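Student: I would like to learn how to read the features of a model such as this one, going from cysteines to helices and then to single residues. Could we take them in turn, with the general idea before the case?

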Amino acid sequence: MDSDNTASADGEKDRNFVTALARGLDVLRAFRRNELELTNTDLAERTGLPKPTVSRLTYTLCQLGYLVQDGQSGNYRLGAGVLRLGYGVLAGMDISDRASQILRDLRNGENSYITSALGEAHHADVIYIAVHRSREDVSLAAHVGMRLPLFYSAVGRAILAGMSPDQRAESLRIADALDPADSLSRQDSLGRAQDEYAARGFCTGYGDWRPDVNGIAVPVVSLNGMRVYGLNVGGPSFHVSPDVLETVYADQLMSAAETLSMRP
């Protein structure tokens with residue numbers, strides 16, 4: 001920690017490594033859960049840095065708003081700058097946890113064949129990142145990591161509908177590069193997604209992805225507005241009809257999306 005550059009794997013110094021920045025981050029990481037304040041001595045002991053170095057770092061971090069010094073005790077606490085720095089990342093990382101109870105409530109509704117899930121786009125697919133499977137033993141067992149087509153599933157269309165124009169254009173570009181022959185079909189599906197979401201507040205997929213599966217979905221925008229997820233419910237078509245999805249689950253789904261997006 002005391003050298004100007006960190007050593008690379010082969011023993012040579014890494015000229016791109018900014019030691020002062022690393023030391024500053026070490027000071028911020030010294031705070032542990034449920035700790036409100038630390039002294040310079042605490043910070044020096046936890047980081048292994050000399051006290052004069054810690055004093056310079058804490059002064060700089062206070063000037064930037066990442067630390068706040070108590071005027072009487074001289075102790076330091078984390079400032080609002082740290083919250084701003086990490087808010088967007090934390091908001092994206094914890095959405096699966098925040099969605100868990102919502103997914104469970106949707107799955108535990110009146111239709112025991114319903115599966116609820118949260119997905120995120122990856123290239124031309126949607127990948128489930130959280131799933132609460134049906135209470136019944138069905139042939140289609142959804143699971144975390146399961147892939148669905150972005151342009152041809154309810155959850156995929158919901159994600160597309162929730163994207164910004166630039167995000168949608170990028171998704172189309174990626175999909176066209178992977179499968180140029182299907183470009184017109186994807187454009188049609190995207191148009192349907194936008195029209196349906198604008199008119200009804202959710203997107204449908206009745207036998208599009210699989211002929212034996214019905215589902216509806218809504219977009220969920222991350223707290224920092226940078227990422228779009230899809231929240232869906234569905235199940236086998238012979239037990240989960242479009243009418244049940246639209247009259248029983250659609251309002252619940254839209255309300256759940258507002259809660260996850262933390263929109264008023």
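Tutor: Let us begin with the cysteines, where a disulfide is counted as a pair of cysteine sulfur atoms within 2.5 Å. Keep in mind throughout that this is a predicted model.

Student: How many disulfides does the structure hold?

Tutor: In general, a disulfide is a covalent bond between the sulfur atoms of two cysteines. In this case the structure holds zero of them. As for the surroundings of individual cysteines, Cys203 is buried because its relative accessibility is 0%, under the 20% cut-off, whereas Cys62 has a relative accessible area of 22% and is partly exposed.

Student: Turning to helices, what span should H5 have, and how far apart are its end C-alpha atoms?

Tutor: The expected span is 1.5 Å times one less than the number of residues. Helix H5 covers residues 95–107, which are 13 residues, so a span of 18 Å is expected, and its end C-alpha atoms are indeed 18 Å apart.

Student: Where does H5 bend, and which of its residues are buried?

Tutor: The bend, of about 30 degrees, is at Gln101. On burial, the general idea is that an α-helix has 3.6 residues a turn, so residues three or four places apart point the same way. In H5 the buried residues are Ile95, Ala99, Ile102, Leu103, Leu106 and Arg107.

Student: Why is helix H6 described as largely enclosed by the rest of the structure?

Tutor: Helix H6 (residues 154–162) is described in that way because eight of its nine residues are buried. Those buried residues are Ala154, Val155, Gly156, Arg157, Ala158, Ile159, Leu160 and Ala161.

Student: At what angle do the axes of H7 and H8 cross?

Tutor: The axes of helix H7 (residues 165–178) and helix H8 (residues 183–200) come within 10 Å and cross at roughly 155 degrees. Since angles over 145 degrees count as roughly antiparallel, that makes H7 roughly antiparallel to H8. The crossing in which H7 passes H8 is right-handed. Within H7 lies Ser171, which counts as buried at 8% relative accessibility; its C-alpha atom is separated by 8.9 Å from that of Leu150, although the two are 21 residues apart along the chain.

Student: Where is Gly205 found, and is it buried or exposed?

Tutor: Gly205 belongs to strand S6 (residues 203–206), and with a relative accessibility of 9% it counts as buried. The C-alpha atoms of Gly205 and Tyr152 are separated by 7.7 Å, while the two residues are 53 apart along the chain.

Student: Finally, what is the phi of His123?

Tutor: His123 has a positive phi of about 60 degrees, although it is not a glycine. His123 sits in the loop between strand S3 (115–122) and strand S4 (125–132), and at 48% relative accessibility His123 counts as partly exposed.

Definitions and conventions
Residues numbered from 1 in each chain as written. Predicted model: local features only at pLDDT ≥ 70, side-chain atom pairs only at ≥ 80, totals over all residues. Heavy atoms only, no water. Buried < 20%, exposed > 50% of the residue type's maximum accessible area, 1.4 Å probe, protein only. Helix = DSSP H or I, 4+ residues; strand = E, 2+ residues; numbered from the N terminus. Bend = angle between axes of the 7 residues up to and from the residue. Axes fitted to C-alpha atoms, helices over the stretch in contact; angles between N-to-C directions. Parallel < 35°, antiparallel > 145°, perpendicular 65-115°, else oblique. Left-handed = near helix turned anticlockwise from the far one by under 90°.
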